[in-house]
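Let's take a friendly walk through this structure, with the sequence and the 3D view side by side. Please have both open before reading on.

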Amino acid sequence: GIVMSMYTLLRNNPQPTQAEMENAFEGNLCRCTGYRPIIEGFKTFTKEFCCGGSKDGQCCMTFKDKDGVEVSSALHDSSKFMPYDPSQEPIFPPELMSKDWQKPWPSLVVKGKRVTWYQPSSLDELLSLKEKFPSAKIVVGNSEIGIEVKFKNQLYPVLISPVQVTELQKIESNDTGLTVGAAVSLTDLEHSMKNLVQTLPEYKTRVLVAILDMLRWFAGQQIRNVAAIGGNIMTASPISDLNPLLIAAQSTLTFASKRGGQRAVAFTTSLFTGYRRLAVEEDEVLVSVTIPYTRENEFFHGFKQARRRDDDISIVNAGMRVLLSDGVGSDNQKVLDCSLVFGGMAARTVSATATEELLVGKEWNEDTLQQADVSLLESLPLDPSAPGGMIEYRKALTLSFFFKFYMMVKQNLANVGSEVELSDTSATTRTERTPAKSSQIFQEVPENQPLHDVVGRPVPHLSADRHATGEAVYVDDMPGQTGQLYAGFVGSAHAHAKIRYTCL
């Protein structure tokens, strides 16, 4: 898997940066070799890798470090490597390439013993299927339903894949906002937003920048390649990373059904009726989401706190937006409108409605900050027995997020005339992952030392070659045998008890 992730990256980007290389491995796990040698090996493909001659004709790998210790020569002889030949790259099998790939794909139906899978080729056909099978699950990347089927033993007799429906795959931008089809993958969404950030005025793209920053920590690259924005909305998870941002941005959802046609709905927290439940009809399908651009005096930021920075679900997250009055850069700008939306503070995504109402008409200053903190604690109560625990910590996170938002807006205003205390700017600093650095310390041995003399040589363990080639076999990889017995640890109900007999 790690090799294929790197190969895919190199096919799409022949000379990536080290950061891009590390990002490509976010969804990979290694249970044998460890990540240091993997990263060190693949680093040779990156732009940062030194190929020699960087100082006095010598490679940086042969310099002495700051303590005067000589950096050793490599553990391998690169002259023995097979030269790269681009002509030998495998191509997409012609047998699998459709001759009519530019035309709409035909509808597909795959019937199994327990499940039937449909792939419609048009929106009308998709709506007809949803009318016929209202309880059918719409599946794009299978990143949610796959888990439910495999680990929760759920059975969905009818699955519908909308990936060939044009209306659900469109990404369209106009003067007021961005419309994204519900089946658009998060990776495609990320690429489109990055292009818009580079071409549109800065003030228009503040909401896009916040979404891009959240996507950076959204699962791993492999999941983002297949997971769709519509799935994030329709699963209605109370700790969804995107829903608080989309709601705070005042997005609009477009639904469609065979009997009711299309309807546009403002995406608000009232759309959630309970844990993982949305106020939509059974036969309705989410077609697209429209994200409006931010205005000149409008500021937008997103926040997420998890147990670790990469590839983890949120403890609490938030999307925050504020629209200030004219007079950019002055200290008496008043709040005209705002949105404070949180995930992880209830069984569904919620808004701090009382705090939003409190802020309107207030000046953006420290007095307002203090009032908002009190209001937030009252607006977002958590029962001591709430699922997930960490009650006080989660409450503290809501205050921390709002303080960060307050300071970020102040810093945005500082760029055009307002002032921010230097001691407060640390609250606006985002933690970025720096490229990994590592070293391996080993002893140089004389060239004439026999190979069987291991003194001073780095000694790989016996299974190293099998691990590196993927030939190692683990217990979990071995097929079960007829009559096979299993052993497991059990706890005793009595401490220090003696086992008098066993019954097999």
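A good place to start is K258, which is partly exposed, with a relative accessible area of 36%. Keep in mind as you look that this is a predicted model. What does K258 pair with? Its salt-bridge partner is D124, and the closest N and O atoms of the two are 2.5 Å apart. D124 is partly exposed too, because its relative accessibility of 47% falls between the 20% and 50% limits. This pair links distant parts of the chain. D124 sits in helix α4, while K258 belongs to the loop between β7 (252-257) and β8 (261-266), and 134 residues separate them.

Helix α4 is worth following a little further. Spanning residues 123-132, helix α4 lies across β2, β3 and β4, and it runs at about 160° to β4. These strands belong to an open sheet of four strands, ordered β1-β2-β4-β3, with mixed pairing. At the edges you will find β1 (108-111) and β3 (137-138), each of which pairs on one side only. As a general reminder, the strands of a sheet pair through backbone hydrogen bonds, either parallel or antiparallel. How do β2 and β4 run? Strand β2 (residues 116-119) and strand β4 (residues 158-160) run parallel and are joined by three bridges. To find the pairing in the viewer, pick Y118, whose bridge partner in β4 is I160.

Now back to the charged side chains. In general, side chains of opposite charge can pair when their charged atoms come close. The model has 15 salt bridges by the 4 Å rule.

One of these joins K304 and D241, with 3.0 Å from N to O. K304 lies in strand β12 (residues 298-306) and D241 in the loop between α9 (229-234) and α10 (243-248), so this salt bridge ties together parts that are 63 residues apart in sequence. Are these two residues buried or exposed? Both K304 and D241 are buried, which means that each has under 20% relative accessible area.

Another salt bridge to look up is formed by E471 and R466, whose closest N and O atoms are 3.9 Å apart. E471 counts as partly exposed because its relative accessibility is 48%. R466, at 47% relative accessibility, also counts as partly exposed. Beyond single pairs, there is a network to trace: R295, E298, R321 and D337 are joined into one by salt bridges that share partners.

Terms used. Residues are numbered from 1 along each chain as its sequence is written. This is a predicted model: local features need pLDDT of at least 70, side-chain atom pairs count only at pLDDT 80 or more; totals for chains, interfaces and linings use all residues. Side-chain values use heavy atoms; hydrogens and water are left out. Two strands pair if DSSP finds at least two bridges between them. Helices (H or I, at least four residues) and strands (E, at least two) are DSSP runs, numbered from the N terminus. Contact means heavy atoms within 4.5 Å. Axes are lines fitted to C-alpha atoms, for helices over the stretch in contact, and angles run from 0 to 180 degrees between N-to-C directions. A salt bridge is a side-chain nitrogen of Lys or Arg within 4 Å of a carboxyl oxygen of Asp or Glu. Buried means under 20% relative accessible area, exposed over 50%, partly exposed in between (1.4 Å probe, protein chains only).
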